[in-house]
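Subject: Handover of a structure and the findings on it

Dear colleague,

Please find below the structure that I am handing over to you. I would be grateful if you could look through it before reading the notes that come after it.

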Amino acid sequence: MHSRLMHTRRSYLPFLALVLAGCTVGPDYVPPKTEAPAQWTEAKTPGLIGTGPEAAQQLERWWTSFNDPTLSSLVGQAIADNLDLKIAEQRLVEARAEREQAAAGYYPTLGASASAERQRYSTALKFPPFGGIANTFEAGFDASWEIDVFGKTRRAVEAADATVEATNESRRDVLVSLLAELGQDYATLRSAQARLAIAYRNIKADQDSLDLTRDKYKGGLGNELDVAQAQSQLETLNAAVPQLETVVAQQSHAIAVLLGKEPGALEAELAAPQPLPPAPPVLPAAVPSDVVRNRPDIRAAERQIAGANAEIGVAIAQMFPSFSITPSFGLAGGSLHHLLNDGALQWGVPASVSVPIFEGGRLEANVIEAKAIAEEDRLSYRKTVLTAFQEVEDALVAYNAERRRHERLVAAVAADRTALDRSTSLYRSGLGTFLAVLDSERSLYGSEDAAAQSELTLTQQTIALYKALGAGWQVGEPEVPAKVADAEPQK
């Protein structure tokens, strides 16, 4: 009999060890497989560089490829002071704190208490068989520990870890958008200043034409119609100046707010015109699979799937029994010095199990909801990937088309300038009409302004390509508390 009993006890040891070690219910996470094309459909621009150290470096600090010290300085200030970025950093701190809260479930909660009581009992009672005044002093510790047998805490920590990582990637995505917006605003400001310079140059030319027609009219070689037409064209050009000045001021305000400053803080600093930073001669063209790995929004979407998958395990674990131990240790006596006696010791180690029997379908509904959220996140991830591919393709095709358009506009400027020189020369010598001069001046201004706007579009499309490739998130990592090391689950 004794031998059989010992054999029975041994047979339960593996099961007991398994229970104490715990198991983790719910599906283990499997990262989604992303099907990416081998190359971009619209990658037809000659001079685009592919993957490699040079492309990686250009993507990491794309603004330096414009060789504009002012832009680089603004980027540094934006990384340090942008309010959206600071808000995102605080969300990361929140996520890390919530992760620590989830990890606290691994450990017991401990508490201490002390009490003193003085009480007079009635002497008229037969029970208890004493009367008078009694003192009671107590001091002790108590604890509560829920054993994570089925992995509810482990899954909760797994979900919290994924949330921390997703939040960090979302912060990086804010940084990518911030740098792109700053670059676009800065380019728009410099382009407006360049267009103002074109307008002023043409205003001077039109003023010279007006003076010429007036001199001819006074000398009897011209007519009042030529003077009126010259005056009209001059006023039309002057009317374009306030609009461009408005663009300069508004973009200065937008840049200042991006840097966490008052809207007018940078007007003086940015008032001096500088050339529009041209698009770099070569651009990175990472393959689609690199974009999946590089874009923060895609990585954030993948981490959201991981977190939702872990939440399924949390929901399933709630359907299983929970085991708790609530030990207590204390001292009690009728006086303070009695607390130091051996007889004052009192303790208990109660254990409990709670089994859900009927919840009206609530626990099952929780599991269904968790699975639906996980599937929703998988679909959102796929949509995010496809949207990223579209943004790269759109940026490539727009850049290709605008570069061809810009080449034609530059050629048109040269032709219009030649036409204006010849028509003006003919008019001065009396062999041409002033209408031809006006047409040449109007055409030259239009082509110069269009070329300037096209150059802005090229720069903007370059920045759009950088953003679509997920460039710039590597800089400006926040100084937040490091991720708490995973606590060992209780054995």
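The notes below describe what was found, beginning with salt bridges and then turning to a helix and to backbone angles. Please bear in mind throughout that this is a predicted model.

Salt bridges

The count of salt bridges in the model comes to 18. Three pairs are described here, together with one network.

One of the salt bridges is formed by Glu448 and Arg201, whose closest N and O atoms are 3.5 Å apart. This pair links distant parts of the chain, since Glu448 belongs to helix H11 (residues 434-468) and Arg201 to helix H5 (residues 152-218), with the two positions 247 residues apart. Glu448 has a relative accessible area of 6% and is therefore buried, as this lies under the 20% cut-off. Arg201, by contrast, has a relative accessible area of 46% and is partly exposed.

A second salt bridge brings together the side chains of Arg295 and Asp297, at 2.7 Å from N to O. Here both residues, Arg295 and Asp297, are buried.

A third salt bridge joins Arg408 to Glu407, and the closest N and O atoms of this pair are 3.9 Å apart. Arg408 is exposed, its relative accessible area being 60%, while Glu407, at 44% relative accessibility, counts as partly exposed. Elsewhere, Asp28, Arg155 and Glu158 are joined into one network by salt bridges that share partners.

As general background, side chains of opposite charge can pair when their charged atoms come close.

Helix H10

Helix H10 covers residues 362-428, which is 67 residues. How far apart should the ends of helix H10 be, at 1.5 Å a residue? The expected span is 99 Å, because the rule multiplies 1.5 Å by one less than the number of residues. The end C-alpha atoms of H10 are 93 Å apart in the model, which agrees with that expectation. Just after H10 comes Gly430, which takes a positive phi of about 85°.

Asn67

Another positive phi is found at Asn67, a residue other than glycine, where the value is near 55°. Asn67 lies in the loop between helix H2 (53-60) and helix H3 (69-81). With a relative accessible area of 67%, Asn67 is exposed, because this value is over the 50% cut-off.

Yours sincerely,

A colleague

How values were computed:
Residues numbered from 1 in each chain as written. Predicted model: local features only at pLDDT ≥ 70, side-chain atom pairs only at ≥ 80, totals over all residues. Heavy atoms only, no water. Helix = DSSP H or I, 4+ residues; strand = E, 2+ residues; numbered from the N terminus. Buried < 20%, exposed > 50% of the residue type's maximum accessible area, 1.4 Å probe, protein only. Salt bridge = Lys/Arg side-chain N within 4 Å of Asp/Glu carboxyl O.
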